[in-house]
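This report looks at how two helices pack together, at the salt bridges around them, and at one backbone angle. Please keep the sequence and the coordinates at hand while reading.

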Amino acid sequence: MRNRLLLFPLCFLLILASSELHAQKYDSTEKKLIDSLLPDYDLQQIDSLGHSFIAIQYPAAFRGGLKGWTAYLEKNLNRDLGAKYIKVRKGDTLVKQTVILTFTVQPSGLVSDVAAEPSAKGAELHPKIAAEAIRVVAEGPRWEPAQQETFEIVNGKLPMQEILARKKRGFKKVLYRHKQSITFVVSVEK
């Protein structure tokens, strides 16, 4: 019998809002212009004290994208821990344990506050597996930080000139909470 460990990173982003949120508040021309000028953005409408604002955010991202993140995890996670600590019941050929992590990407791109969420009822999660996932994320390279700007909507119109001017200068780098699951899979060959 030989044990193999496979790693499957699943990415879940905590997104402030979808780009389709509140689209009816602006005319379709403005919406299409924003979509073409600001790819991969998140949009949130904020109403405060009789004023309307729009927050445009780019989520934090691992340099190299999902492919780079997967390669980093595969290279740096200790595969032997899965085979050592994940129990394989008699007759099973495939066993999984998923660690769900939350962490903050700082405006500098550094990762902090890495923590494993408690496992769901009945789900078995070995503490050594959780610790390994935390270690790899905490020791990882810098991320591209999240960026965000807030603009006031005046007379139902987006301030397109101001949005474009700030986009050229770059939006403010902000804290970003990220949620990431890493699944350890042990495959037993008979």
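## Terms and model

In what follows, a residue is called exposed when its relative accessible area is over 50%, buried when that area is under 20%, and partly exposed in between. The model is predicted.

## Packing of α2 against α4

Helix α2, which spans residues 65-76, packs on helix α4, residues 127-138, at an angle of about 125 degrees, and the two axes lie 10 Å apart. Angles from 65 to 115 degrees would count as roughly perpendicular and those over 145 as roughly antiparallel, and α2 and α4 are therefore oblique to each other. The crossing of these two helices is right-handed.

On the α2 side the contact is made by W69, Y72, L73 and N76, and on the α4 side by E132, R135, V136 and V137. Sorted by character, the residues of this contact comprise 5 nonpolar, 1 polar and 2 charged.

## R135 and its charged partners

R135, a residue of helix α4, takes part in the contact with α2 and also in salt bridges with E132 and with E139. Its side chain meets that of E132 at 2.7 Å, taken from N to O, and because R135 and E132 are 3 residues apart in helix α4, about one helical turn separates them. The second bridge, between E139 and R135, has an N to O distance of 2.9 Å.

The three residues differ in their accessibility class: E132 is buried, with a relative accessible area of 6%, R135 is partly exposed at 30%, and E139 is exposed at 55%, a value that lies over the 50% cut-off. Through the partners that these salt bridges share, E132, R135 and E139 are joined into one network.

Beyond its sequence neighbours up to four places away, R135 touches N76, L77 and N78, and N76 is also one of the α2 residues in the helix contact. R135 can be related to A115 as well, since the two are 20 residues apart in sequence while their C-alpha atoms are 9.8 Å apart in space.

## A bridge between distant parts of the chain

Side chains of opposite charge can pair when their charged atoms come close. The structure holds 6 salt bridges, and one of these is formed by the side chains of E117 and K179, with 3.4 Å from N to O. This pair links distant parts of the chain, as E117 sits in the loop between β6 (111-116) and α4, whereas K179 belongs to strand β10 (residues 176-189), 62 residues away.

Both partners fall between the limits for buried and exposed: E117 has a relative accessible area of 28% and is therefore partly exposed, and K179, at 26%, likewise counts as partly exposed.

## An unusual phi at D113

Most residues other than glycine have a negative phi. D113 has a positive phi of about 55 degrees, although it is not a glycine. This residue lies in strand β6, the strand that comes before the loop holding E117.

Is D113 buried or exposed? With a relative accessibility of 53%, D113 counts as exposed, because this value is over the 50% cut-off.

Terms used:
Residues are numbered from 1 along each chain as its sequence is written. This is a predicted model: local features need pLDDT of at least 70, side-chain atom pairs count only at pLDDT 80 or more; totals for chains, interfaces and linings use all residues. Side-chain values use heavy atoms; hydrogens and water are left out. Axes are lines fitted to C-alpha atoms, for helices over the stretch in contact, and angles run from 0 to 180 degrees between N-to-C directions. Helices (H or I, at least four residues) and strands (E, at least two) are DSSP runs, numbered from the N terminus. Angles under 35 degrees count as roughly parallel, over 145 as roughly antiparallel, 65 to 115 as roughly perpendicular and the rest as oblique. A crossing is left-handed if the near helix is turned anticlockwise from the far one by less than a right angle, and right-handed if clockwise. Contact means heavy atoms within 4.5 Å. Ala, Val, Leu, Ile, Met, Phe, Trp, Tyr, Cys and Pro count as nonpolar, Asp, Glu, Lys and Arg as charged, and the others, Gly among them, as polar. A salt bridge is a side-chain nitrogen of Lys or Arg within 4 Å of a carboxyl oxygen of Asp or Glu. Buried means under 20% relative accessible area, exposed over 50%, partly exposed in between (1.4 Å probe, protein chains only).
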